[in-house]
Amino acid sequence: MARNRSEPDKRSLQNVLQEITTAATTRAAEGQKIFSPIAAFLDKHRNQTAGLSPYLQGALAALSDDLATVAQHHFNAYISGITPTPSTHSPAPALSPIPSPLPPTPPPSYPPSGLAQSSYTTITKSNPARSGTAIKQTKPPTKKPTPDVKQSLPDYRLFVRLPIDHAAKMMDSYAIYTSLRAQLGINSNALKEVQTTKTRFALYPATMEALSTLEAQKEVISTYFGNCQVERSARWISYRVTNLPRKIGQITNGQYSMIPVDPATLSTEIAEQTGYRPISVSETTASAANVNSPSSSWFINFSEDSKASLSTWLRLFGTITNARFLTRKVTIIQCNRCWKWHNARSCARSPRCRLCGLSEHIEEEHNNSCSTPNPYCYPPRCFYCHGPHPADFTDCPLRPKAGTTRTKAQRAEIRKTCAINLAKARTEQGCSSESSATTQEQHMVIDTPPTQIQVASPFRPTTPPPPAPSQEPPVTASVEPYIFSNLSQKITKRHPSYECFSPTDSWTVTRRPCVLTYVWKNAGLQASQLRPIITDPATLSDLLFLQISSSTGQSVLTINAYNAPAGSTRAGKAMETLISLPETLFLQPTLLAGDFNLLHIRWQPSLTYRPAVSADPFIEWLDHLGFILTLEIDCPTHTRGNVLDLTYATSLLALSGLHTSTAPHLDSTSDHTPLLTTIPWDQRHTLPTQKIRFDILDQPLFLSLLSTNLSQIQPLDSLKANLESLAQGLTSAIHSAYEGSAKRSLPHKKGQPWWNPECKEALQAYRSELLPKEEFRSTIRKTQREFWRNKLITASQTKEVFDISKWHKSRGSYRSPPLKDPLRPDNPPAVSVQEKRDLLVRNLLQNTTEAGDIPLDCPAVPTTTLPFPEITMAQVEKSILKARNTAPGEDELQTNILKTAWPLIKDKILFLFQGCLRLGYHPKYFRHAILTILQKPSKEDWTNPRSYRPIALLSVLGKGLECLVARNMAWIAIYYKVLASQQFGALPLRSAIDLTTCLTHDIEQALNQGKTASLLTFDVEGAFDNVLPGRLTYRLRTQGWPNNLILWISSFITERTIQIRFDNELGPHTDISCGLPQGSPISPILFMLYIAPLFHMGNPRTRFGYADNRATLAISPSLLTNC
């Protein structure tokens, strides 16, 4: 028990010192008894270095020194009676002029609880939070949960509450601080700061121990201030109780009377009815003002430690009352000095004007900023959003809100839109100044600061590759990866944030790959695969060459190699192939890494076995080309202590600061230790733009911004230039409002869908050696099995069932290999992304027969006259609002955002569409497409450009116009029989089932009549891409379509521009002069009209077609006649 300072110690000083000395001696003896076995253990194992390599000796010495330091630190703490704290390298505190008191008396002597019985097992059982295996505990059900009180940081302040008329209320906080420290005397160091509050002052202690010192000095503080209350802040659980009677009946000495309900009576009643004693009871302001009402409402506050939980319906004084839990609201405080978002009591910034945000003057000195004479009032300008309102406007779009933050791009779009409102307000109020109506647009550039690139090798992912935060290596070279038994599906371990490279395309021909390389998508690296000519096909799957370039122009060739061990089928073949490659391939900076399975004293001097003879040619080849070993010599990479995994670099690359070390934190349950190679590159780069998230759209803000943006767009007469401006202005207005009211997604993906916190804890426990390998793998497998089983159980939608049915058909996804040009077979394969894009354009988007096209205005004699109705608002709404939410084009607009904006934009869109069809003009803004290159799943040779399909991502507004025209043309073509009755595909009331039914009926009828039937099927190669504009318009004129529609189609199909997105990179603008864009709603019907004459040749009943596929049926008595 602490001794009162006013009561002197009657013991002599000699007796006190004798007690302290005895206690310290006893404490030292106990410490020696506890820590002596630990010291003996460390000394014993420190000297057991016989037979260890120098590398292991150094590691053992370092570990022993660390353990000795920790043991000495805890021994000193035990002797002094102070709780041990982690050692830091902070500088020593300055010496205090106040003499330090005597050290505290050590606690009574007792052995540490359970020290003799403690073991590793009991410690881990008593601390389950440190264990890597998640333990699930079933919580007992409760009747009613305790109100969710948000846990916040503890408040260590000591508050001094002063009356309203107290003299100290007018004093400065710093004056109080200096004066109060003088009053505290030797305890003045406990007070760190004094701040002003509403109730007056808050005393900040220097430490938690200093708070106890200040609380012990409450009498001194109260005497210093006088007439005050000194207390700590208390957190409450608050309720509002309503429908409480104002008066209650009472019988006293046989007399009945009505007495008013006061706080004391209500507090006693609540304690009796609920079992919780309130600490504060007060009547609400509205209830106290309305004394004539029969009921009242009160605030009831309980201590947070009581965890009070009241029922919604509470019976008090015989009346049913309502108790509502009050949640704490986050209040946004705005400073009335600088008008920023913080407390004004601690603001030391320059004052700003509330009306214009300038710091040169305050609001009282504000005057008009233009030459318009008074009493004209110049509109205010918010220095947050640049809108026409003062800085404290409650509806400011950039006013902070609880749980909402605006990104840099959102703030830029909001300010640009609000500046338009400001210019409009100035114009409406007759301002004579030429004020700028716009603000400079700021593009969001995310600059990543890492200054190095890391390569992990060899990585054996028995579990999937790790997620890709900034501390993980962006390049991972995997050796002997997991491969699914069905090689045709090419399934292996992968991660959504990584791109996977395979050494071969067809695993069924070249066997399963032994090496794979993963590259993080957002690392700012350009990876291109090289495939040198290798004569031995057996080693194609053992070597993977990858050219990695940074955004700053640096480049390195990485080689991921697997050399089969002695005794296997291909023992040493990969090494022999590597030696036989031309030396010119290695003139560039090269990093060679992999599992070589070669034992030699060159990299393992402590080797006790006979060195591998096959390693000598490999060593000579390395020395000849100047390769340098970047791994520390004699550093074991296998669990048996051998060096099997190597990393070599060319001399220039190795001397640039490259280094390799073992990486146990990347362990994936393999018997090989991963190696981490760091290349000192300046790797700053701009992250790719992510998509805008519609699910977090602030719809009121979006409509407000869009309304302002649309006010600048006025539909003019239907001229081509005006229509082009209207199309671009509409898209820009919607996109600007969209980007200002919604955030973009994060650049990092979530990873595998089945990865949960239990897997993460198991991984941490395994890498901390707290969980065996088998249990870790079992946890991962169990999690995967439960996730996919739950998918099967919860599937209820048709789409979910359809997706599940395709699981057994899934295929692996890999980066494209070097592409070969069929048109130029003598050229080397295209390696870089730019070379691949040029090759794809040349083979897929350029028609060799383009020179034979005819002019667009070539005259033709129509066979009939076809009508085309005037479009209506109902048709426009159907074509846009009922469209599927597909991938957006360059404008990033989807159908969902158009549905939200439809009430504001529908009239302008109707005017645009009607004007385009009336003039026969398709805006150039709608003719630009992002061309995504997809792999055809049925192809095996990925080096052939014909194994890829280009898909055009167009503007949603432009696709709405195309869809509207396509629907009308399809109905007209069927009604007026422009298309044959057996021509199917993208046509109403004609499905593929109808086509097969017609074909089956004709064949069965022929067989029943004793005849033979033969069917010739063929496909139009590159159907959409080979449509010639001149011949298409000529065909439409021949069929009798209106001239304005033909002009619109000729405008749609000509002067198109594309940007190719291939291998996650977007190329420059490219002009194309022929072809129909795959992905446009009108392309299928135009193609069918283009080939319609083929179905009218001969007997139309024998011709069948679906899109670009055709079949001709021949029926006769004999097969010879059919042929």
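Reader: Which residue of β11 does Tyr239 stand opposite?

Author: In this predicted model, strand β5, residues 236-245, pairs with strand β11, residues 319-325, in the antiparallel sense over 4 bridges. Within that pairing, the residue of β11 that stands opposite Tyr239 is Phe325.

Reader: Which residue of β9 does Tyr239 stand opposite, and how many bridges join β5 to β9?

Author: Strand β9 covers residues 295-303 and runs antiparallel to β5. Opposite Tyr239 in β9 stands Ile300, and the number of bridges that join β5 to β9 is 8.

Reader: Which strands stand at the edges of the open sheet of 6 strands, and why is one side of each left without a neighbour?

Author: The sheet has mixed pairing and follows the order β16-β17-β18-β19-β21-β20. Because each of the two edge strands has a single partner strand, one side of each is left without a neighbour in the sheet, and these strands are β16 (525-530) and β20 (627-629).

Reader: What is the average twist from one strand to the next in that sheet?

Author: The strands concerned are those of the open sheet with the order β16-β17-β18-β19-β21-β20. From one strand to the next, the twist averages 25°.

Reader: Which residue of β21 is the bridge partner of Leu629?

Author: Strand β21, residues 645-650, pairs with β20 in the antiparallel sense, over 3 bridges. In β21, the bridge partner of Leu629 is Tyr648.

Reader: Which strands does helix α11 lie across, and at about what angle does α11 run to β17?

Author: Helix α11, residues 573-580, lies across β17 (543-550), β18 (555-562) and β19 (590-595). Its direction relative to β17 corresponds to an angle of about 55°.

Reader: How are α9 and α15 oriented to each other, and what is the handedness of the crossing?

Author: The axes of α9 (residues 408-428) and α15 (residues 720-741) come within 7 Å and cross at roughly 130°, which means that α9 is oblique to α15. The contact is made on the α9 side by residues including Ala409, Glu413 and Lys416, and on the α15 side by Ser736, Glu739, Gly740 and Ser741; the residues of the contact divide into 2 nonpolar, 5 polar and 3 charged. The crossing of the two helices is left-handed.

Reader: How many residues apart in sequence are the parts that the pair of Asp698 and Arg406 ties together?

Author: The side chains of Asp698 and Arg406 meet in a salt bridge, with an N to O distance of 3.2 Å. Asp698 lies in the loop between β23 (675-679) and α14 (699-710), whereas Arg406 lies in the loop between β11 and α9, so the separation in sequence of the parts tied together is 292 residues.

How values were computed. Residues numbered from 1 in each chain as written. Predicted model: local features only at pLDDT ≥ 70, side-chain atom pairs only at ≥ 80, totals over all residues. Heavy atoms only, no water. Pairing = 2+ DSSP bridges. Axes fitted to C-alpha atoms, helices over the stretch in contact; angles between N-to-C directions. Contact = heavy atoms within 4.5 Å. Parallel < 35°, antiparallel > 145°, perpendicular 65-115°, else oblique. Left-handed = near helix turned anticlockwise from the far one by under 90°. Nonpolar A, V, L, I, M, F, W, Y, C, P; charged D, E, K, R; others polar. Salt bridge = Lys/Arg side-chain N within 4 Å of Asp/Glu carboxyl O.
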